[in-house]
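These are my notebook entries on a structure I went through from its overall make-up down to single residues. I began with burial and went on to helix packing and charged pairs.

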Amino acid sequence: MFELLTEHQFWTAVVLYWIFSAAVSSMPDPAGNGSSGYLWLYRFLHTIAGNITTAFGSKIPGLKTFTLLLVALLAAATSACAARYTIRPGALNKTDSAAYDILLVAETAIDQARLDYKSGHLPAGAKPAFEALVQSYNIARDSWLAYRSAIATNAPAAVYFSQLNQNLTDLAVRIRELEQTK
């Protein structure tokens, strides 16, 4: 169910807004001698639930036409489903697959930096950043292998997951640092 909601984020938001709007519309009107807190809440929620046309009314000429065009463009530009991530064959789960993808990106950056270094296109000041990237890649790869092992043996993977996440974050930082030295 959760995956369905995340894949259809736009329509989930539309339905949640509709439910919120219906709930606010069903609120009883505040009594003349009622609580000032309820009056404030009633007005606040009605203001939030109101759409652009209701909120601005006739204060902005041509708003209805603009709103209609904006909604039509938005509907045409957005897809019904969110982009789907395809899990790699042989991956144990989405995290395993995504970590592998990140490691491939880092490996490509390392290979390109090696080629640049050999051809003399890598600045001399980039060598420490390159070495830090290689070291970070090795740490992240070991962490990924430990995570895979924990998942494969049904061991508690939470510790391995957080360590993998931290190591992949560090790896991304090292890639950016190398790119900045070029």
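**Entry 1: overall make-up.** I looked up burial and found that 21% of the 182 residues of the protein count as buried. I note here that the model is a predicted one. The secondary structure comes to eight helices and zero strands, and along the sequence I read the pattern as α-α-α-α-α-α-α-α. I then looked at contacts with a sequence separation of 6 or more, and 59% of these join residues 24 or more positions apart.

**Entry 2: H6 against H7.** I took helix H6, residues 94-118, together with helix H7, residues 127-152, and found that their axes come within 10 Å and cross at roughly 155°. Since angles over 145 degrees count as roughly antiparallel, that crossing makes H6 roughly antiparallel to H7. The handedness of the crossing of H6 and H7 is left-handed.

I also listed who meets whom: on the H6 side the residues include Thr95, Asp96, Ala99, Tyr100, Leu103 and Ala106, while on the H7 side they include Phe130, Leu133, Val134, Tyr137, Trp144 and Arg148. Sorted by class, the residues of the contact of H6 with H7 come to 15 nonpolar, one polar and six charged.

**Entry 3: H6 against H8.** Which way does H6 run relative to H8, parallel or antiparallel? The axes of H6 and H8 come within 11 Å and cross at roughly 25°, and the two helices are therefore roughly parallel to each other. Their crossing is left-handed.

In this contact, Thr95, Ala99, Ile102, Leu103, Ala106 and Ala113 of H6 meet Phe161, Leu164, Leu168, Leu171, Ile175 and Leu178 of H8. The class count for the contact of H6 with H8 is 11 nonpolar, one polar and no charged residues. Going back to the H6 residues that meet H7, I find Thr95, Ala99, Leu103, Ala106 and Ala113 among them, and these five names also appear on the H6 side of the contact with H8.

**Entry 4: H7 against H8.** For this pair I find axes that come within 8 Å and cross at roughly 160°, and H7 and H8 are therefore roughly antiparallel to each other. H7 passes H8 in a left-handed crossing. The residues of this contact divide by class into 18 nonpolar, five polar and three charged.

**Entry 5: the loop between H7 and H8.** I looked up Asn154, which is found in the loop between H7 and H8. Its phi is near 60°, a positive value in a residue other than glycine. I set this against the general expectation that most residues other than glycine have a negative phi. With a relative accessibility of 70%, Asn154 counts as exposed.

**Entry 6: charged pairs.** How many salt bridges does the structure hold? I find four, and I wrote up three pairs below. Side chains of opposite charge can pair when their charged atoms come close.

The side chains of Arg88 and Asp101 meet in a salt bridge, with N to O at 2.3 Å. Arg88 lies in the loop between helix H5, residues 63-77, and H6, whereas Asp101 lies in helix H6, so the pair ties together parts that are 13 residues apart in sequence. Arg88 counts as partly exposed, at 34% relative accessibility.

The side chains of Arg148 and Asp96 meet in a salt bridge as well, with N to O at 2.4 Å. Arg148 lies in helix H7 and Asp96 in helix H6, so this pair ties together parts that are 52 residues apart in sequence. Both residues also appear in the contact list for H6 and H7. Is Asp96 buried or exposed? Asp96 is buried, with a relative accessible area of 2%, whereas Arg148 counts as partly exposed at 24% relative accessibility.

Glu177 forms a salt bridge with Arg174, and here the closest N and O atoms are 3.4 Å apart. Both residues lie in helix H8, residues 158-181, and they are three residues apart, about one turn of the helix. I looked up exposure for this pair too: Glu177 counts as partly exposed at 33% relative accessibility, and Arg174 is partly exposed with a relative accessible area of 25%.

Key. Residues are numbered from 1 along each chain as its sequence is written. This is a predicted model: local features need pLDDT of at least 70, side-chain atom pairs count only at pLDDT 80 or more; totals for chains, interfaces and linings use all residues. Side-chain values use heavy atoms; hydrogens and water are left out. Axes are lines fitted to C-alpha atoms, for helices over the stretch in contact, and angles run from 0 to 180 degrees between N-to-C directions. Helices (H or I, at least four residues) and strands (E, at least two) are DSSP runs, numbered from the N terminus. Angles under 35 degrees count as roughly parallel, over 145 as roughly antiparallel, 65 to 115 as roughly perpendicular and the rest as oblique. A crossing is left-handed if the near helix is turned anticlockwise from the far one by less than a right angle, and right-handed if clockwise. Contact means heavy atoms within 4.5 Å. Ala, Val, Leu, Ile, Met, Phe, Trp, Tyr, Cys and Pro count as nonpolar, Asp, Glu, Lys and Arg as charged, and the others, Gly among them, as polar. Buried means under 20% relative accessible area, exposed over 50%, partly exposed in between (1.4 Å probe, protein chains only).
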